[in-house]
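The following note is offered to a colleague who wishes to go through the structure point by point. Please read it with the sequence and the coordinates at hand.

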Amino acid sequence: MTKEEIELLKSIQVLYVEDELDIQKITADVLSSVCKKVVCANNGVEALELFDADGDFDIIVTDINMPKMDGITLIKKIRERDNTFPITITTAHTEVHFLQESIDLGVNGYTLKPIDLKKLMKTVAKVSEGRVLRKKLEIFNSELIQKVKEQTFELHSILDSQESLIAVSNIDGIHTINKRFLDFLGLNSLDDLKKEIGSICNIFIKEDGYYFSENLNDMCCLANIDHTTNSDIFVKMKNFAGIISIFKLNVNIYEYNGTHFILSLSDITSLKSESDLLQYQANHDSLTQIYNRQYFNSFIKTEISRSLRYSHLFSIAMFDIDHFKNVNDTYGHDIGDEVLKNISTIVKTYLRDTDILARWGGEEFMILLAETPISEAFTKIEQLRKHIEASTLAPNLKEPVTVSFGVTEFMISDTKAELLKRVDIALYQAKNSGRNQVVKI
Ligand SMILES: [Mg+2]
């Protein structure tokens, strides 16, 4: 007997049918010494009862010639119940015609009497092998299915517990989505999402600065995202109640049975508005809400390098409110602030979108006129000066508020400091020559 045969016998339950009790005892003792369990029956009727009652046997070893119900009838009845159940027979030389009949009925093995117990064991092992292996495989499979179920459940629990909205997609589209994502969209299942929305990309709102992809399925939409970029990708999405939120989008790729994308979206709406506000505050003057000196300085620096690279020209104008100290002294600082705010609004409205207006400090302001040569700049600023003079900058002012301007054009040889110095000189000249006028240099 091989080690494999012994191992196999150890796991099987045998239904042994024999009417001669001395043979039954000796054979059953030997089988029991190796097999997991051996149950004896004295004839076919007893055997069938045991088979029907228990059903957990792996093999039937049966004699042929027996009272009440012989082996052939037993085999027929077993075959009616289970066409593939392992059966082996023990038969004498004198009963050889039974052997042929048994083979026709589909028995799987035989051992001649007097029984060579070693041969019987080998036959039992061989005949039951298929069933035992199949049973083991079934157990293994059901354990595997259970394991996969547990792991899938665990994975879903993990996905559902995440703060982010998560979806997993392969070439056919999204196959897994977490509860938070469905809740955000007010949907119950992934099927609802596919029915009502189609591709996940249809959720993204088209807007500058946010990722958007048109008329594509999930796969194309996600594959389209440039994963190599270092900069963050943002999307805007509307929830079931119509509230728009901003999300940082992350796509990870993994390869298993094809390409999968793991899409995760973290809500950064409050962060984004906070950082937008901080950015705004850093660049704007708190009184007039126009750009501040710091922003103008960095803008002009960029404009100078742009100008040098693409041979663009631009002009700048600096202005100062005439006798502003008198306004404050006569009418109070509140009126002074009012004048500053209203001048800012008037000038901003007068300028084009591409021009920049900044408060330089106190009652001094700076204007950058994009793509404007000095002659044109002078004309425009002169018109602006007249416009300010004609405007009411605060109620009950006895005299009109006027401003003095210095204007100059950027020259290729200029540094930022030289350019600013020149416009300052032009403004100084305008002041010195009687105010309420424009001087160009
Ligand atoms: Mg017999």
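1. The model is a predicted one. A convenient starting place is strand E6 (residues 165–170), which is joined to strand E10 (residues 259–267) by 5 bridges, the two running antiparallel. Within this pair, Leu165 faces Leu265 of E10.

2. Strand E10 also pairs with strand E9 (residues 244–255): 9 bridges join them, again in an antiparallel arrangement. Here Val251 stands opposite Leu263 in E10. The hairpin of E9 and E10 has 3 residues between the strands, and in this hairpin Asn257 adopts a positive phi near 55 degrees.

3. How is the protein divided into domains? The assignment gives domain 1 (3–137), domain 2 (162–272) and domain 3 (284–440). Between the centres of domain 1 and domain 2, taken over C-alpha atoms, the separation is 63 Å.

4. An open sheet is formed by 5 strands in the order E2-E1-E3-E4-E5, with parallel pairing. Strand E2 (37–41) and strand E5 (109–113) are its edges, each pairing on one side only. From one strand to the next, the twist averages 20 degrees. As a general matter, strands of a sheet pair through backbone hydrogen bonds, in either a parallel or an antiparallel manner.

5. Inside this sheet, strand E1 (residues 13–17) and strand E3 (residues 59–63) run parallel and are joined by 4 bridges. Tyr16 is placed opposite Val61 in E3. Helix H4 (residues 71–81) lies across E1, E3 and strand E4 (87–92), and runs at about 155 degrees to E3.

6. Two backbone details in loops merit inspection. The peptide bond from Lys113 to Pro114 is cis, with omega near -5 degrees; Pro114 belongs to the loop between E5 and H6. Gln289 has a positive phi of about 65 degrees, although this residue is not a glycine. The loop that contains Gln289 lies between helix H10 (269–283) and helix H11 (293–310).

7. Which residues form a nonpolar patch on the surface? They are Leu137, Phe140, Leu144 and Val148, which together have about 380 Å² of accessible area. Leu137 is part of helix H6 (residues 117–161). In the domain assignment, domain 1 is given as 3–137 and domain 2 as 162–272.

Technical notes:
Residues are numbered from 1 along each chain as its sequence is written. This is a predicted model: local features need pLDDT of at least 70, side-chain atom pairs count only at pLDDT 80 or more; totals for chains, interfaces and linings use all residues. Side-chain values use heavy atoms; hydrogens and water are left out. Two strands pair if DSSP finds at least two bridges between them. Axes are lines fitted to C-alpha atoms, for helices over the stretch in contact, and angles run from 0 to 180 degrees between N-to-C directions. Contact means heavy atoms within 4.5 Å. Patches are made of residues with over 30% relative accessible area and no salt bridge: like charges are joined within 9 Å, nonpolar side chains (Val, Leu, Ile, Met, Phe, Trp, Tyr) within 5 Å. Accessible areas come from the Shrake-Rupley method with a 1.4 Å probe; for residues, only the protein chains shown count as cover. A salt bridge is a side-chain nitrogen of Lys or Arg within 4 Å of a carboxyl oxygen of Asp or Glu. Domain bounds come from an automatic or database domain assignment.
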